[in-house]
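Student: Can you walk me through this one? I'd like to go chain by chain and then look at the odd backbone spots.

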Amino acid sequence: MSHDPDDLFAPEVIADPYGYFGHLRETDPLHWNARSELWIVTRYEDLVWLVRHHELFSSAVIKSDQRPPYPPIDAEDRGLFDEVRHFRSDQLVEQDRPAHTTMREAVHEYFTPTAMESWRPFVRAAVAELLDEVAPQGRMDVLQALAAPLPVRIITHMMGVPSEDRDHLRALADKLLYINRGESYRMKPLMEGIGAMMAYVEPKVGQRVLAPENDFISVLAAAEKDGVFTRHQVLVNTALLLFAGHETTMNLICNGTLALVRHPEQWARLTADPAGTVRVATEEILRYDPPVKSTQRIAATDVERHGKQIKQGDRIRWIMAAANRDPRVFEHPDRFDVSRSPNPHVSFGSGIHYCLGATLARVEGQEVFRALAERFPDLRLDTDRLEYQPSIQFRSLKSLPVAWG
Amino acid sequence: MSRALRTTVDHGRCVGNAQCVNLAPGMFRHNENVQSEVYDPAGAPEAVVLKAARFCPTSAIRVEDAATGEVLFPQP
């Protein structure tokens, strides 16, 4: 056991965030974490209020926070940290109004539900191809065989990069996963990934400015032409697409598969009618064990809540994993119920920064869980040891061995 | 003469992403929960209303022909 109850990276908090943050939700809904110098918000109503009031809580978290990163990084990496900050400050997710409105407008149309729904056949084919490869083996690590390669295929297709570059991009994506992890050396692989990603994308942006194609880099290149994005912002946001879509989708697939195999009666409901149940089931998967546990804002002004004073410049982490299990909103919140409806989970956030890729994530999750239910109805867990990455933000399994047949 | 529309926002789905408010400020505004509501049903041209509905990331907006009840968005 860790001795400091505010240690957010303690092994028991990483293993079971629901117990730790659920306790805070019921006993101290606006908790000051002295160790990391930040507020922790865990109740559903508070979280929605906070995220929808973008005028009170700024998204420029990296840009405006001058405090050292938490947990600490290696002393010799301070220079790298400044480079990472420069990079991340130009991400769409770091922008406040008015800049955010114009930038989101430039990319939003590409990601509308109607547009993303048209990708379903492509996603379905990619899932089938990956499962064909492992089907004869009778077992797989869901992470390596399915959850990691699938989003890379989708995103490289979206970026219009040739399939022979997929392995290179997956290697870069693996380095970008060090964002918001706990290892003290994380700045090195992270900056390597960022540098290589920008070097890879730069010539492609140049080409798309001159000769647009039907891909996402062309959308960004057009926005650069219109003066909405600088070249640095185009490069940064292309990289954002890679890591925002990669780790989150990986976690959705792994966490969902784990929830399903651990609840045989729920899995039976899915396998009985995969096509008819998978949409509602995917929402419950998103609620029950969300890909992103928490994220952050910075107070833009002094605000009072629950009788406490949040000061301008204070860091605030809001815990979707806790809000999704708030008994004030969800009946039997700790119960995994694939027919739960309505299901107003906050796994994609809320407000003006609501996840741009939400529909694509849903389509990918639905196609994966449907295919698993159709092809491997006797799917089962093939390990008694599960470990999670030491991240405050992401709920990421290190591996997920399953078997069938 | 443009036809009259019946446009509704499902507050079980709306997350206050503000695409509709940005695209058609003469028609949509946010309430005290920062969820969208229609305050002037004729406050934007039909093409803009349909674009606002299409841009909604949670598909919370439904648009009908007020006279016939024909559903214009979401398309079947």
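Tutor: We can start with how far to trust the model, then take the chains, their contact and the unusual backbone geometry.

Student: Fine. What ipTM and pTM does the predictor give the complex?

Tutor: This is a predicted model, and the predictor gives the complex an ipTM of 0.95 and a pTM of 0.95.

Student: And what is the mean pLDDT of chain B?

Tutor: The mean pLDDT of chain B is 96, with 99% of the residues of that chain at 70 or more.

Student: Stay with chain B. How many helices and strands?

Tutor: Chain B has 2 helices and 5 strands. Read from the N terminus, the order of its elements is β-α-β-β-α-β-β. Its radius of gyration is 11 Å, close to the 11 Å that the globule rule gives for 76 residues, so chain B is as compact as a globular protein of that length. The C-alpha trace spans about 35 × 25 × 15 Å along the principal axes.

Student: How much of chain B is buried?

Tutor: Of the 76 residues, 36% are buried. As for contacts in chain B with a separation of 6 or more, 52% of them are between residues 24 or more positions apart.

Student: Which strands form the open sheet, and in what order?

Tutor: The order is β1-β4-β5 of chain B, with antiparallel pairing. β1 (5-9) and β5 (71-73) are at the edges with a single partner strand each, so one side of each has no neighbour in the sheet. From one strand to the next, the twist averages 25°.

Student: Does anything sit on that sheet, or what packs there?

Tutor: Helix α2 (residues 46-55) of chain B packs on the sheet and touches β1, β4 and β5 of that chain. The direction of α2 makes about 150° with that of β4(B).

Student: How many bridges between β1(B) and β4(B)?

Tutor: There are 5 bridges between β1(B) and β4 (residues 61-65), in the antiparallel sense. If you want a pair to look for, L5(B) stands opposite D65(B) in β4(B).

Student: OK, the contact. How many residues does each chain put in?

Tutor: Chain A gives 15 residues and chain B gives 12 residues. On the side of chain A, the elements that give two or more residues are α6 (99-108) and α7 (113-117). The largest share there, 3 residues, comes from α6(A).

Student: What classes of residue are on that side of chain A?

Tutor: By class there are 6 nonpolar, 7 polar and 2 charged residues on the side of chain A that touches chain B.

Student: Now inside chain A. Why is β8 of chain A largely enclosed?

Tutor: 5 of the 5 residues of β8 (residues 315-319) are buried, so the strand is largely enclosed by the rest of the structure. Both faces are covered: R315(A), R317(A) and I319(A) are on one side, with I316(A) and W318(A) on the other.

Student: Which strands pair with it? Start with β2 of chain A.

Tutor: β2 (residues 38-41) runs parallel to β8(A) and is joined to it by 3 bridges; there, W39(A) has I316(A) as its bridge partner. β5 (residues 294-299) of chain A pairs with β8(A) in the antiparallel sense over 5 bridges, and T295(A) has W318(A) as its bridge partner.

Student: What about helix α10 of chain A, how many residues are buried?

Tutor: 9 of the 11 residues of α10 (residues 149-159) are buried. Among them are L150(A), I154(A) and M158(A). The cover includes α8 (120-134), α13 (216-225) and α14 (231-262) of chain A. Just after α10(A), G160(A) takes a positive phi of about 70°.

Student: On to the odd spots. Where are the cis peptide bonds?

Tutor: One joins R97(A) and P98(A), with omega about 5°, and P98(A) is in the loop between α5 (78-88) and α6 of chain A. Another joins F73(B) and P74(B), with omega about 0°; P74(B) is in the segment after β5 of chain B.

Student: And which residues have a positive phi although not a glycine?

Tutor: H306(A) has a phi of about 50° and A18(B) one of about 75°. H306(A) is in the loop between β6 (303-305) and β7 (308-310) of chain A, while A18(B) is in the loop between β1 and α1 (19-23) of chain B.

Student: Buried or exposed, those two?

Tutor: H306(A) has 12 C-beta neighbours inside 10 Å, so it counts as exposed. A18(B) has 22 C-beta neighbours inside 10 Å, so it counts as buried.

Technical notes
Residues numbered from 1 in each chain as written. Chains lettered and ligands numbered in written order. Predicted model: local features only at pLDDT ≥ 70, side-chain atom pairs only at ≥ 80, totals over all residues. Buried ≥ 20, exposed ≤ 12 C-beta atoms within 10 Å, placed from the backbone. Helix = DSSP H or I, 4+ residues; strand = E, 2+ residues; numbered from the N terminus. Pairing = 2+ DSSP bridges. pLDDT = per-residue confidence, 0-100. Contact = placed C-beta atoms within 7 Å. Nonpolar A, V, L, I, M, F, W, Y, C, P; charged D, E, K, R; others polar. Rg over C-alpha atoms; globule rule 2.2 N^0.38 Å. Axes fitted to C-alpha atoms, helices over the stretch in contact; angles between N-to-C directions.
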